[in-house]
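Please open the model in your viewer and keep the sequence beside it, so that each selection can be followed in both. The tour moves from strands to a helix and then to a loop.

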Amino acid sequence: MATYNLQLPRMGESVSEATIVKWLKQPGDRIEEDESILEVATDKVDSDVPSPVSGTLKAQLFTENSVAQVGDVIATLEVDEADGNETSDATAAAAPVEVEEIPGVDQLANQLPSSPSPSKEGAGKFYSPLVRNIAAEEGISSQELDSIPGTGNEGRVTKQDILDYLAWKKNPDGPATFGTLIRSEVIVSQPPPLENSGNAAPKQPINETPVETSAIVSMSPQDEIIEMDRMRRLIADHMVKSVHTSPHVCSFVEADVTNLVNWRNKIKGAYEKREGEKITFTPIFIEAVSKALRDFPMVNVSVNGTQIIKKRNINIGMAAALPSGNLIVPVIKNADQLSLVGLGKAVNDLANRARNNKLLPDDTQGGTFTLTNIGAFGNIMGTPIINQPQVAILAVGTITKKPAVIETEYGDMIGIRHMMYLSLSYDHRVVDGALGGRFVKRVADYLENWDVNREV
């Protein structure tokens, strides 16, 4: 029998680590080729890892809730001689990744470039986007980030490294739970991890950051206690950090979208017959937002300490509610470069893949601005929380018929119009009221001045 080392597969260019959520197979279980062995999770996406070979699971080298780097050997299998060389390594990157509960958008590979690769900082140090985002949210400078010892592959700083470093900063005299202990610029490393082998002990789990709460909650015997699932804990933590990071301001504009509604009603039948799918309002909203971001590029930015990072690409995230009640934000990359038909296909593909529970982890990375359609729930306006590290998020309300004053060359008159509210939350550190107000008004202008003779 030969030994096969199963590595954590690469699940996207910007994904460098994943959490072991659940082992679907136990040591001694027989595994067929392409059969799922375990479930892993990145920042928000849950995926199955299939086996590229047939064999018997020999050892699990990571326990549930522990974090593994891409390329780490996570399990060993005993395979027939014909299935592999003695102690062979492989990455199941070629195998499609099955994703749970994630609505996503296929990025139309021939039209859209792939996301940038994770960058290196300082003296050749590697930082994943997740680590960089946490550093930015917590105000950690590049120099301070370089000083954090990494326990990941080739000394990479992992999510848990930076979270434990932040915990240590808050309580320097407490126990050090990350891979190294810092005291007065002296770094004392822990013993290196055991080499991965059939008899190696699994790496111990790393607890996820708990949701902070200061309120004392009273309970009665009739109350039901529901434990948050992993995704809900991530969302809660992300929302709390966003409110702590960004001073939120919200501006509102009411838009008359009668021309837009009439235009869509006129062309939707022919569009569906030609394209084989329906056109919704969502791609129209995304197009208007993309145009406004080109007009006001200082809304398409992120904050890194005292630096403002002006984004070259316009990548629109779409906040989507899952059947489970959780939230996910898949991203349409370079949305300003897509036609309305292209945006429509991307949005509809998002809905189809939501029903089929399929999405690649990269599909939720790289957003520069977020749109959330609260009108789908009958809401007219809202004050959404910014999706860090972005600086603005737009909520579009439901379209309703209302009596409105119409200005004509013959004087004012009352008519029934299709009206909607646009709500923009923005980070007052870098977006002032004038810029935020002009931006949301520009989005409204693009929707109000819709060409009723436009062809798609």
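What follows is a short series of selections in a predicted model.

Begin by selecting strand 8, residues 73–79, which is mostly covered, since six of its seven residues are buried. Keep strand 8 highlighted and add strand 1, residues 2–7, which runs antiparallel to strand 8 and is joined to it by six bridges. To find a point of register between these two strands, pick A2, which stands opposite V79 in strand 8.

Next, add strand 6, residues 55–60, which also pairs with strand 8 in the antiparallel sense, here over four bridges. The residue to pick in this pairing is Q60, and its place is opposite A75 in strand 8.

Now move to helix 4, residues 230–245, whose 16 residues reach 22 Å from the first C-alpha to the last, close to the 22 Å expected at 1.5 Å a residue. Colour the buried residues of helix 4, among them R230, L234, H238, K241 and T245. Keep H238 selected, as it is needed at the last stop.

Finally, go to the loop between strand 21 (369–373) and strand 22 (392–396), and select N387 within it. Is N387 buried or exposed? With a relative accessible area of 13%, N387 falls under the 20% limit and is therefore buried. Which residues are in contact with N387, once its neighbours within four places in sequence are left aside? They are H238, V329 and T370, and of these H238 is one of the buried residues of helix 4, whose side chain you already have selected.

Key
Residues are numbered from 1 along each chain as its sequence is written. This is a predicted model: local features need pLDDT of at least 70, side-chain atom pairs count only at pLDDT 80 or more; totals for chains, interfaces and linings use all residues. Side-chain values use heavy atoms; hydrogens and water are left out. Buried means under 20% relative accessible area, exposed over 50%, partly exposed in between (1.4 Å probe, protein chains only). Contact means heavy atoms within 4.5 Å. Two strands pair if DSSP finds at least two bridges between them. The expected span of a helix is 1.5 Å times one less than its number of residues.
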